[in-house]
Amino acid sequence: MTGVIVTGPSRADAAEVAALAGFGVATVHEALGRAGSLGPGLRPIQQGVRMSGTAVTVLCRPGDNLMIHAAVEQCHEGDVLVVTTTSPSTDGMFGELFATALRRRGVRGLVIDAGVRDTAELRAMGFPVWSAAVCAQGTVKATAGSVNVPVVVGGQVIRPGDAVLADDDGVMCVPRDLVATAVKAAEARTAKEEAARAAFAAGELGLDRYGLRETLARLGVRYVTAEEYDREGTAT
């Protein structure tokens with residue numbers, strides 16, 4: 001269904017979504033079985049920022065930001081605005097004025113599979129943005145789209161109220177009914193990584209800690225001396 005603004009969608013539990021912010025995107029992604037990543041196409045305009053919130057989704061026509069204006073009204077404290085277009089677009093659909101309005105409503109940041117502009121101002125005001133492009137090209141406000149409907153970004157379906165997590169490594173989505181599971185899985189993953197970090201600092205090798213010598217042997221990988229390698233290379 002297109003041309004709709006869905007009001008009052010269910011949202012993931014705010015405390016559980018906030019807990020996700022304690023973990024990096026890579027950790028949560030791995031903890032969930034390498035699921036949820038929106039891919040390498042979305043990059044932060046700032047560095048050193050980690051964000052989590054609940055998705056308010058926006059589907060726009062390329063080069064038209066009318067539905068972002070409509071979406072602002074639907075945003076609540078703790079939300080993240082997630083914008084995509086019906087076909088690829090790099091136009092600067094979002095800038096400082098939108099960020100000012102969203103900040104007033106308690107929105108945590110923006111994820112947009114299109115372009116943004118006013119990036120210096122956005123950084124100065126501390127409004128986090130992850131985008132597919134930076135472009136000064138402006139937009140019109142002329143064509144209907146939708147707000148708070150399922151959208152697809154980077155091959156992932158994002159539904160209104162899902163949890164969105166973003167940092168320097170990119171962006172991921174956690175379905176709202178899996179957020180509690182994601183927090184527990186990320187806690188376990190973090191504990192495992194801390195143990196591995198201590199082991200590596202003490203001199204243990206990943207080959208031994210993860211049993212990878214057996215994997216190498218199973219794959220037929222051999223250890224040879226430099227002299228043996230030279231002789232075998234000459235023989236062939």
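Me: Buried means under 20% relative accessible area. With that cut-off, how many residues of strand β4 are buried?

Reply: A caution on the source comes before the count: this is a predicted model. Strand β4 spans residues 109-116. Seven of its eight residues are buried, and the strand is mostly covered.

Me: Which strand does β4 pair with, and in what sense do the two run?

Reply: Read the bridges. Strands β3 and β4 run parallel, joined by four bridges. To place the register, take one pair of residues: L81 is opposite L110 in β4.

Me: How do I read a single residue in β3, and is T84 buried or exposed?

Reply: Compare its relative accessible area with the cut-off. T84 belongs to β3, residues 79-85. Its value is 4%, so T84 is buried.

Me: What does T84 touch, apart from residues up to four places away in sequence?

Reply: A contact list shows which parts of the chain meet at a residue. With residues up to four places away in sequence left out, T84 touches V58, L59 and C60. It also touches D113, V151, V152 and V153. V58, L59 and C60 fall within the range of strand β2, residues 51-60.

Me: Staying with β2, is T54 buried or exposed?

Reply: T54 sits in that strand. Its relative accessibility is 6%, so it counts as buried.

Me: Which side chain makes a polar contact with the side chain of T54?

Reply: Look for side-chain polar atoms at short range. The partner is D79, at 2.6 Å. D79 also appears among the residues that T54 touches, along with G78 and V80. The others, again leaving out residues up to four places away in sequence, are R11, A12, V17, G161 and D162.

Me: How does one read the two faces of a strand, and which residues of β10 lie on each side?

Reply: In a regular strand the side chains alternate between the two faces of the sheet. In β10, G170, M172 and V174 lie on one side. V171 and C173 lie on the other. These residues are buried, and both faces are covered. Strand β10 is residues 170-174, and five of the five are buried, so the strand is largely enclosed by the rest of the structure.

Me: What pairs with β10, and over how many bridges?

Reply: Strand β9, residues 163-167, pairs with β10 in the antiparallel sense over five bridges. A hairpin of two residues joins β9 to β10. Across the pair, A163 stands opposite V174.

Me: Why look at phi, and where does R34 lie?

Reply: Most residues other than glycine have a negative phi. R34 is not a glycine, yet its phi is positive, about 60°. R34 lies in the loop between α2 (25-31) and β1 (43-44). Its relative accessible area is 64%, so R34 is exposed. N148 also has a positive phi, near 60°. N148 is in the loop between β6 (146-147) and β7 (151-153). At 3% relative accessible area, N148 is buried.

Me: How many residues line the largest pocket, and which lie nearest its centre?

Reply: Start with volume, then lining, then chemistry. The largest pocket holds about 230 Å³ of space. Thirteen residues line it, with N65, G95, L97, F98 and R117 nearest its centre. Helix α4, residues 96-104, gives the largest share of the lining, three residues. By class, the lining has four nonpolar, five polar and four charged residues.

Note on methods:
Residues are numbered from 1 along each chain as its sequence is written. This is a predicted model: local features need pLDDT of at least 70, side-chain atom pairs count only at pLDDT 80 or more; totals for chains, interfaces and linings use all residues. Side-chain values use heavy atoms; hydrogens and water are left out. Buried means under 20% relative accessible area, exposed over 50%, partly exposed in between (1.4 Å probe, protein chains only). A polar contact is a pair of N or O atoms within 3.5 Å; within protein, one must be able to donate a hydrogen and the other to accept it, and residues adjacent in sequence count only if both atoms are side-chain atoms. Contact means heavy atoms within 4.5 Å. On a 1 Å grid over the protein atoms alone, a cavity is a set of points where a 1.4 Å probe fits but cannot get out, and a pocket is an open set with protein on both sides within 12 Å along at least five of seven lines; lining residues have an atom within 4 Å of a point. Grid points are joined across faces, edges and corners, and a volume is the space filled by probe spheres set on the points. Ala, Val, Leu, Ile, Met, Phe, Trp, Tyr, Cys and Pro count as nonpolar, Asp, Glu, Lys and Arg as charged, and the others, Gly among them, as polar. Two strands pair if DSSP finds at least two bridges between them.
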